[in-house]
Amino acid sequence: MLLNKSKIEVIEQFIYILEILDMYAKEGSDEKAIIRLMLDYLEKGHVLDEDIIPIANKILEIAKKVGSYDLKREINLWLFGEKKKLTKSQKNKIKKLIEILEYLKNYIEKKPYKSYEDTHLLNLIYLKILRLDENIVSDYNSEVRSLLNIAFRAGDYELKNEIELLLTGRKRRKLTEEFIQKRITIIEILEKVKEFIEKKEFKSSFDYEALFLINLKIYRIEQGILKSYDEEIDSILKIARKVGNYKLREEIILLKESIKN
């Protein structure tokens, strides 16, 4: 909540949000002019305590006019949401959400070409990370749905599926020798595909997406969250078909069969 922060923190928060909204406001519009005036006023630092809530309300009013539904939601939550006292379990869940948001941020930032949608998603991610870092949380299921929506818009179904598994998949409690061996084999195969891509002199957008997906899969599997062995290998083969060649696919199939025998 704004009133629990120092005035400097509040001013920095206002400026950050206004600079994002400035990207969406049309040149020559009233909103653009108001944003510039507010930024000029805030940057001078002469903000009275009684001005804080009216400024926050004005920022939200501008967000409603120039921003999308998800952007307005994030700004509203960050400005007026209550900071919650979280249990250890809840803190761990929020930590995982932030980790995955950082993964997504890194994925979009490394895209060779960014669309308008990519820039918009980065703005949402930045706001989410800052908000969650302050323990301003709506209900956890809503946070998960919102994150999955971003993942799907940033990538494809495969990316959304990976993140959904990370957030909702169950870790194996009993690590049998067979399970450990399968986990090692799957990671070895993923590392092989990763190495194949990294050695390419010129990388396509498919290559960059595949590298991100591979790193995400390795992270998930190291956490002990696995689908069936065949599903995991088939998913890797799908990546290999996009970025590899016949020899790479043959090597994956041989490794897959080796653990069955």
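Is isoleucine 233 buried or exposed in this structure? I would like to start with that one residue and then widen the view, and I should say straight away that what we are looking at is a predicted model. Isoleucine 233 counts as buried, because its relative accessibility is 0%, and the cut-off behind that word is a relative accessible area under 20%. The residue lies in helix α11, which covers residues 229-243. If we set aside the neighbours within four places in sequence, isoleucine 233 is in contact with Ile186, Ile189, Ile252 and Lys256. There is also a pairing to look at across the sequence, since isoleucine 233 and leucine 190 are 43 residues apart along the chain, while their C-alpha atoms are 9.2 Å apart in space.

Let me now step back to the whole chain. The protein chain has 12 helices and 0 strands, so that, read along the sequence, the pattern is α-α-α-α-α-α-α-α-α-α-α-α. Its C-alpha atoms fill a box of roughly 75 × 45 × 25 Å, taken along the principal axes. Of the 261 residues, 46% count as buried. Among the contacts with a separation of 6 or more, 71% come from residues that are 24 or more positions apart.

Next, please find helix α5, residues 88-109, which has 22 residues and reaches 31 Å from its first C-alpha to its last, close to the 32 Å expected at 1.5 Å a residue. Which residues of α5 are buried? They are Ile94, Lys96, Leu97, Ile98, Ile100, Leu101, Leu104, Lys105, Tyr107 and Ile108, and what covers them includes α6 (116-133), α7 (140-154), α8 (157-168) and α10 (205-222).

I will take two of those partners in turn, and for both we need the same kind of description. Two packed helices are described by the angle between their axes and the distance between the axes.

With α8, helix α5 packs at an angle of about 160 degrees, and the axes are 11 Å apart. That angle makes α5 roughly antiparallel to α8, because angles over 145 degrees count as roughly antiparallel. The crossing in which α5 passes α8 is right-handed. On the α5 side the contact is made by Lys96, Leu97, Ile100, Leu104 and Tyr107, and on the α8 side by Leu159, Ile163, Leu166 and Leu167. Sorted by class, the residues of this contact are 8 nonpolar, no polar and 1 charged.

With α10, helix α5 again packs at an angle of about 160 degrees, here with the axes 10 Å apart, and these two helices are therefore roughly antiparallel to each other. The crossing of α5 past α10 is right-handed. Glu99, Tyr103, Leu104 and Tyr107 of α5 make this contact with Glu209, Phe212, Asn215, Leu216 and Tyr219 of α10, and the residues divide into 6 nonpolar, 1 polar and 2 charged. You may have noticed Leu104 and Tyr107 in the contact with α8, and they appear in the contact with α10 as well.

Helix α10 also leads us on to α9, residues 177-198, for the axes of α9 and α10 come within 10 Å and cross at roughly 160 degrees. These helices are therefore roughly antiparallel to each other, and their crossing is left-handed. From α9 the contact involves Arg183, Ile186, Ile187, Leu190, Glu191, Val193, Lys194, Ile197 and Glu198, and from α10 it involves Asp207, Ala210, Leu211, Ile214, Asn215, Lys217, Ile218, Ile221 and Glu222. By class there are 10 nonpolar, 1 polar and 7 charged residues. Ile186, one of the α9 residues in this list, is also among the contacts of isoleucine 233, where we began.

Towards the start of the chain, I would point out helix α4, residues 69-80, with 12 residues and a reach of 16 Å from first C-alpha to last, close to the 16 Å expected at 1.5 Å a residue. Its buried residues are Asp70, Leu71, Glu74, Ile75, Leu77, Trp78 and Leu79, and they pack against α1 (7-24), α3 (52-66), α6 and α7.

My last stop is a detail of the backbone. Asparagine 135 is in the loop between α6 and α7, and its phi is near 60 degrees, a positive value in a residue other than glycine. Most residues other than glycine have a negative phi.

Methods:
Residues are numbered from 1 along each chain as its sequence is written. This is a predicted model: local features need pLDDT of at least 70, side-chain atom pairs count only at pLDDT 80 or more; totals for chains, interfaces and linings use all residues. Side-chain values use heavy atoms; hydrogens and water are left out. Helices (H or I, at least four residues) and strands (E, at least two) are DSSP runs, numbered from the N terminus. The expected span of a helix is 1.5 Å times one less than its number of residues. Buried means under 20% relative accessible area, exposed over 50%, partly exposed in between (1.4 Å probe, protein chains only). Contact means heavy atoms within 4.5 Å. Axes are lines fitted to C-alpha atoms, for helices over the stretch in contact, and angles run from 0 to 180 degrees between N-to-C directions. Angles under 35 degrees count as roughly parallel, over 145 as roughly antiparallel, 65 to 115 as roughly perpendicular and the rest as oblique. A crossing is left-handed if the near helix is turned anticlockwise from the far one by less than a right angle, and right-handed if clockwise. Ala, Val, Leu, Ile, Met, Phe, Trp, Tyr, Cys and Pro count as nonpolar, Asp, Glu, Lys and Arg as charged, and the others, Gly among them, as polar.
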